[in-house]
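Q: Got a minute to go through this structure with me? I'd like to start with the cysteines.

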Amino acid sequence: SKPLPDRLYLFIESSTLLLLNMSASDRVLLPASPSPFHYAIHLRPNIATFTFSGSQTIALTATSASSSIRLHSRDIAIDIETVTLTPKDGSSSAFKPCAITYDRDGGSFVELRFKAEYPAGEYALFMNFTGELNDKMAGFYRSSYTVGTTPKTMLCTQFEAIDARRAFPCWDEPARKAVFALTVTVDKHLDVVANTPVARRVVDSTDAEKQVVEFLETPKMSTYLLALVIGEFEFVQAVTKTGVLVRVMSVQGKAEKCRFALGVAVRALEFLEDFFGVAFPLPKMDMIAVPDFAAGAMENWGIVTYREVDLLCDEAKVSTSQKQRVASVITHELSHQWFGNLVTMQWWDDLWLNEGFANMMQSLVADALVPEWNMWEQVVQTSQAAALKLDALRSSHPIQVPIPRAEDVEEVFDLISYCKGGSVVRMLWGAVVGPEEFKAGLQRYMKKHAYGNVVTNDLWASFADLRDGTPVADVLGTWTSQMGYPVVTAALDGDTLKLEQRWFLSDGEVPKEEKLWTIPVIVGTERGGKQDTVFMSSKTCDIRVPDAANCGWIKINFNQFIPMRVHYDQALMERLAGGALGLPVTDQIGLVQDVSALTKAGCASISQLLPLLSGLADSLNVNVWSAIAAALGPVSTILKAMDKDKELAAFVRRLISKALKEVGWEPQPSDDDNRKQLRAVILSILAAYIGDDKSHSATVSALFAKFVEDHDAVPMDLLGPILRMSVSTDESAWHQLKRIAESPILDGIYLRAIYSNMGFVTSERMKRDTLDWCLEPVIRIQDIMAPMGAVGRSTAGRSELGWHWFRENADRILERLGSSSASLISYVIKSCCGGGCSVEKAKEIEEYFGEAGNKERFPMVGRGVSQMVEEIQANNAFLARELELVGNGGLQKALST
């Protein structure tokens with residue numbers, strides 16, 4: 001929903017061990033007493049001055065006497081003269097604080113100290129406060145946009161993980177659930193939307209130009225789920241079968257782009273109510289597109305906020321992949337209405353209970369709504385692949401990672417919590433308990449823990465034991481409590497598969513540390529089909545394969561339910577490679593991914609990988625070709641570093657020739673979604689490796705001219721390759737795209753395409769211009785990573801331009817980002833500095849971010865920096881191994897196939 005700081009930075013292994021030894025008692029938490037159970041909040045934003053004032057009464061329970069109250073507050077000024085603590089029973093007069101202390105450096109705390117102790121009991125804590133409507137997409141913030149040529153401002157909140165404290169002083173921890181009664185006073189022409197429906201709307205008695213809007217009380221929930229959006233909206237609406245009002249809202253002039261999302265949302269809510277066996281607990285579900293939004297979306301209960309490009313789409317114009325993206329983001333966020341909102345993790349170290357499940361459920365729901373999209377193939381190719389790539393680093397972390405301070409949670413809003421977490425949930429669903437028990441277990445879990453907080457073991461306890469009596473926790477715990485994953489080596493001895501597991505690392509190192517996973521091993525054969533699951537909990541395992549000599553290919557991890565690698569011996573690999581096109585699509589993808597990862601790790605070579613890719617070249621499945629494209633990426637980095645660009649281009653030309661002839665440049669009326677996406681993927685490969693091919697230049701030039709004249713004249717599925725090929729062969733195209741992108745009314749889908757391709761301009765000077773452009777206010781902060789990333793991808797294997805530019809412009813970058821989230825800053829660092837094979841660059845990055853001053857300037861990015869450095873080092877090891885093999889002629893032969 002949000003889309004990384006070791007305090008020990010470059011000593012990532014020792015810091016991980018330290019964190020794993022921490023217990024709940026090591027957490028930095030507010031005192032257990034007093035504790036809130038109800039907030040009555042009144043906010044009065046002033047759009048003209050970008051400030052707001054507020055007042056609130058918090059109902060508290062004190063279980064012991066105290067002379068102070070400690071709560072969270074950041075960038076909020078509390079008027080101490082207004083603070084009162086009043087006993088609910090009237091047993092004494094109100095307590096007044098004698099001092100107020102702000103502890104901003106230590107975690108955004110504020111402490112109210114009283115002259116006398118207040119006894120145990122229930123109290124009402126009242127206060128007035130003021131704050132800023134910031135422009136950092138965190139807390140209570142402002143978002144600017146234009147309607148025509150008229151500038152407009154929207155106000156929005158973004159509280160996850162720990163930014164509710166930027167809008168009102170509170171107990172900003174997920175387990176401190178309470179009921180919220182929100183009131184807002186604002187200009188009367190503005191629309192005001194919050195978690196619940198409006199209870200009352202009246203003219204302000206002190207200012208006839210303002211309105212006072214009172215909302216119904218929320219369910220009991222965590223502070224990070226409270227939300228408020230204020231602006232001028234249009235919307236479309238519908239009602240679910242169970243009577244939930246669903247509205248999709250946008251700024252003026254974009255309501256028609258809300259209809260696709262509305263259809264998805266209504267059907268998704270209906271599906272989820274049935275799947276979880278619990279009715280959606282609110283009377284309405286609003287989904288609002290916000291011009292400035294740091295993440296893709298945020299699952300606030302009853303009012304999900306989205307980046308515009310992830311909610312709005314003209315179904316007749318957008319690409320198939322964009323429709324799938326919108327649908328997946330919606331199904332992800334609506335899954336959270338149960339997983340995360342109704343049942344919430346106790347503390348941030350179980351963040352994966354929110355994000356891992358939503359990651360898996362988004363695909364389960366989308367697959368149910370649109371089966372022809374083949375979402376499970378996409379999951380293997382994208383989400384699971386991303387998890388396996390990151391988790392093959394020593395600087396990864398377990399799914400369940402101790403979070404001593406809430407501020408540290410920014411580090412784990414990453415691919416491990418989301419994608420590895422989702423992969424483990426998919427494994428539970430598909431390979432451990434099965435779909436029926438998965439659904440039944442989740443229904444038990446939801447009903448038992450509704451409106452409460454949980455830890456991971458509460459989830460495992462909701463599922464029945466396995467057939468042999470093994471608790472689910474014993475299987476899944478090996479995947480959530482330790483980082484990394486296994487590679488299983490496989491050899492055939494007669495009718496027996498001999499398997500052995502060990503920890504897999506991307507650089508090929510065989511670790512000294514012994515780790516074991518309980519692996520659900522599923523074997524499939526060409527002629528015998530799928531065998532029963534065998535649970536492998538020891539280092540080695542034997543599995544019988546009937547008539548193995550005559551069963552054709554033998555595939556381990558059949559259907560790719562398990563996030564692991566498989567390393568086949570030569571005989572098994574020859575069977576698989578020879579019959580690769582006969583494998584299920586998920587297994588074709590998995591085979592390519594395994595061989596690609598093993599090649600990088602030194603267990604295979606590029607000369608073995610490329611023939612496998614060639615063997616799949618007759619496929620017309622978009623997800624298989626996406627896997628091929630992904631496998632070409634690291635190979636390209638190495639071959640470019642070896643100055644083998646021409647050989648690579650020739651190989652790619654032969655590889656895609658049949659598929660390119662099949663799909664062509666011209667969309668056809670008969671094209672289904674797979675064919676549209678396949679054309680986009682094939683042309684993207686062409687653009688990446690043979691974009692200067694003269695045989696396509698006239699077509700590209702004509703299509704680019706049509707786009708410049710009329711953005712809607714070119715199908716969105718083709719736009720990325722067209723823009724990339726244009727800017728990489730003609731500098732004037734860069735200037736034309738820059739002019740188009742700076743139009744204040746350009747649709748976000750076009751902006752995304754332009755930003756993602758501007759960096760592929762050939763001139764190094766203009767690549768720098770692209771990076772400099774990112775620091776200009778014309779590009780929203782939420783979008784600056786896209787041009788940066790394009791520059792990085794365009795120089796992979798050679799130039800260190802992005803890293804040098806980042807180091808030279810660090811102050812300007814920080815000034816541009818301000819107090820944006822650590823996740824956003826970390827993404828910028830990776831976009832500029834990541835990639836390549838240079839150990840010198842890796843050392844420079846390590847030293848730069850390890851300096852004391854830079855630790856302070858770039859807090860909470862340590863883990864991400866360590867992962868980036870380790871990835872570069874792994875690339876260098878990959879390059880060194882391939883250089884040693886050049887002499888045997890295998891690489892040249894493979895490139896010539």
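Q: Is Cys541 buried or exposed?
A: Keep in mind that this is a predicted model. In it, Cys541 is buried, at 12% relative accessibility.

Q: OK, and how many disulfides are there?
A: The count is 0. Cys541 is in no disulfide, and the nearest cysteine sulfur, in Cys551, is 17 Å away.

Q: What about Cys832, how far is its sulfur from the closest cysteine sulfur?
A: That distance is 5.6 Å, to the sulfur of Cys833. The cut-off for a disulfide is 2.5 Å, so the two sulfurs are too far apart for a bond. Cys832 counts as buried too, with 4% relative accessibility.

Q: Switching to sheets. What's the strand order in the open sheet of 7 strands?
A: The order is E4-E7-E2-E1-E10-E13-E12, and the pairing is mixed. On average, neighbouring strands are turned by 15 degrees against each other, ignoring direction.

Q: Which strands stand at the edges, and why do they have a side without a neighbour?
A: Those are E4 (76–87) and E12 (198–203). Each has a single partner strand, so one side of each has no neighbour in the sheet.

Q: How do E12 and E13 pair?
A: They run antiparallel, with 5 bridges between E12 and E13 (residues 210–215). For Val198, the bridge partner in E13 is Phe215.

Q: Now backbone oddities. What sort of peptide bond links Ser33 to Pro34?
A: A cis one, with omega near -5 degrees. Pro34 sits in the loop between helix H1 (12–20) and strand E1 (35–46). Glu160 and Ala161 are also joined by a cis bond, with omega about 5 degrees. Ala161 is in the loop between E9 (150–158) and E10 (179–187).

Q: Why flag those?
A: Because most peptide bonds are trans, and most residues other than glycine have a negative phi.

Q: So what is phi for Asp75?
A: Asp75 has a positive phi, near 60 degrees, and is not a glycine. It lies in the loop between E3 (66–72) and E4, and it counts as partly exposed at 45% relative accessibility.

Q: And Gln560, what's its phi?
A: Positive as well, about 55 degrees. Gln560 is in the loop between E29 (554–556) and E30 (565–568). Gln560 is buried, with a relative accessible area of 2%.

Q: Last thing: what's the volume of the second largest cavity, and how many residues line it?
A: The volume is about 70 Å³, and the second largest cavity has 11 lining residues. Val28, Phe109, Arg405, Ala406 and Glu407 lie nearest its centre. The lining divides into 4 nonpolar, 2 polar and 5 charged residues.

Key:
Residues are numbered from 1 along each chain as its sequence is written. This is a predicted model: local features need pLDDT of at least 70, side-chain atom pairs count only at pLDDT 80 or more; totals for chains, interfaces and linings use all residues. Side-chain values use heavy atoms; hydrogens and water are left out. On a 1 Å grid over the protein atoms alone, a cavity is a set of points where a 1.4 Å probe fits but cannot get out, and a pocket is an open set with protein on both sides within 12 Å along at least five of seven lines; lining residues have an atom within 4 Å of a point. Grid points are joined across faces, edges and corners, and a volume is the space filled by probe spheres set on the points. Ala, Val, Leu, Ile, Met, Phe, Trp, Tyr, Cys and Pro count as nonpolar, Asp, Glu, Lys and Arg as charged, and the others, Gly among them, as polar. Buried means under 20% relative accessible area, exposed over 50%, partly exposed in between (1.4 Å probe, protein chains only). Two strands pair if DSSP finds at least two bridges between them. Helices (H or I, at least four residues) and strands (E, at least two) are DSSP runs, numbered from the N terminus. Axes are lines fitted to C-alpha atoms, for helices over the stretch in contact, and angles run from 0 to 180 degrees between N-to-C directions.
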